[in-house]
Amino acid sequence: RKKQLIGITGCMAMAKKDTLFKKLPNVDFVIGTNNITDLDTVLSNLLETGKQQIRTDDQFEENLDYLIASRDDKYKAHVSIIRGCDKFCTYCVVPYTRGQEVSRPPEDIEKELQLLADQGYKEITLLGQNVNSYGKDKPDWKELFHDLLYR
């Protein structure tokens, strides 16, 4: 029987990265929000070495391939337009774990939306911690959230 692997990912993985293996020794890997594209490498290393793996980079790679997203629903899709947050609310870990706001280029979003429409998707939700901040981190684009909606 194959061994099941246990992994922790996301914001709390970033926030608690230094203590997770100590508190939870059966955890095999930890991946932060900025390292989701490293999942295949982490799993390969884990299977080869048998040693716990951790990837929790503070820097976010802006050039993610969003078009490879797997969707379960035939008609509803979610599209990420911005990552991170600049608000630093007292109760929230997002600015500390996901970093500052980083907007996706509007051309990339439009391309993904067109692809989804061509595939028959009828309802698309634009995602981000704070979508109203879209484009404010890139003033040279001259494109804010409301402009994105009119594309």
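## Buried face of helix H5

In helix H5, the buried residues (under 20% relative accessible area, with a 1.4 Å probe and protein chains only) are Pro 106, Ile 109, Glu 112 and Leu 116. Viewed down the axis of H5, these buried residues fall within an arc of 125° (taken from the directions from the helix axis to the C-beta atoms), so they line one face of the helix. On the other side of H5, Lys 111 and Asp 118 are exposed (over 50%).

The model is predicted: local features need pLDDT of at least 70, side-chain atom pairs count only at pLDDT 80 or more, and totals for chains, interfaces and linings use all residues. Residues are numbered from 1 along each chain as its sequence is written, and side-chain values use heavy atoms, with hydrogens and water left out.

## Span and surroundings of H5

Helices (H or I, at least four residues) and strands (E, at least two) are DSSP runs, numbered from the N terminus. H5 has 13 residues (106-118) and should span 18 Å at 1.5 Å a residue (1.5 Å times one less than the number of residues). Its end C-alpha atoms are 18 Å apart, which agrees.

Strand S4 (76-80), strand S7 (123-127) and helix H6 (145-149) are among what covers the buried residues of H5. After H5 comes Gly 120, with a positive phi near 100°.

## Asn 130

The loop between S7 and H6 contains Asn 130. Asn 130 is buried, at a relative accessible area of 18%.

Leaving aside residues up to four places away in sequence, Asn 130 touches Ile 82, Lys 87 and Glu 101 (heavy atoms within 4.5 Å). The side chains of Asn 130 and Ser 133 make a polar contact at 2.9 Å. Such a contact is a pair of N or O atoms within 3.5 Å; within protein, one must be able to donate a hydrogen and the other to accept it, and residues adjacent in sequence count only if both atoms are side-chain atoms.
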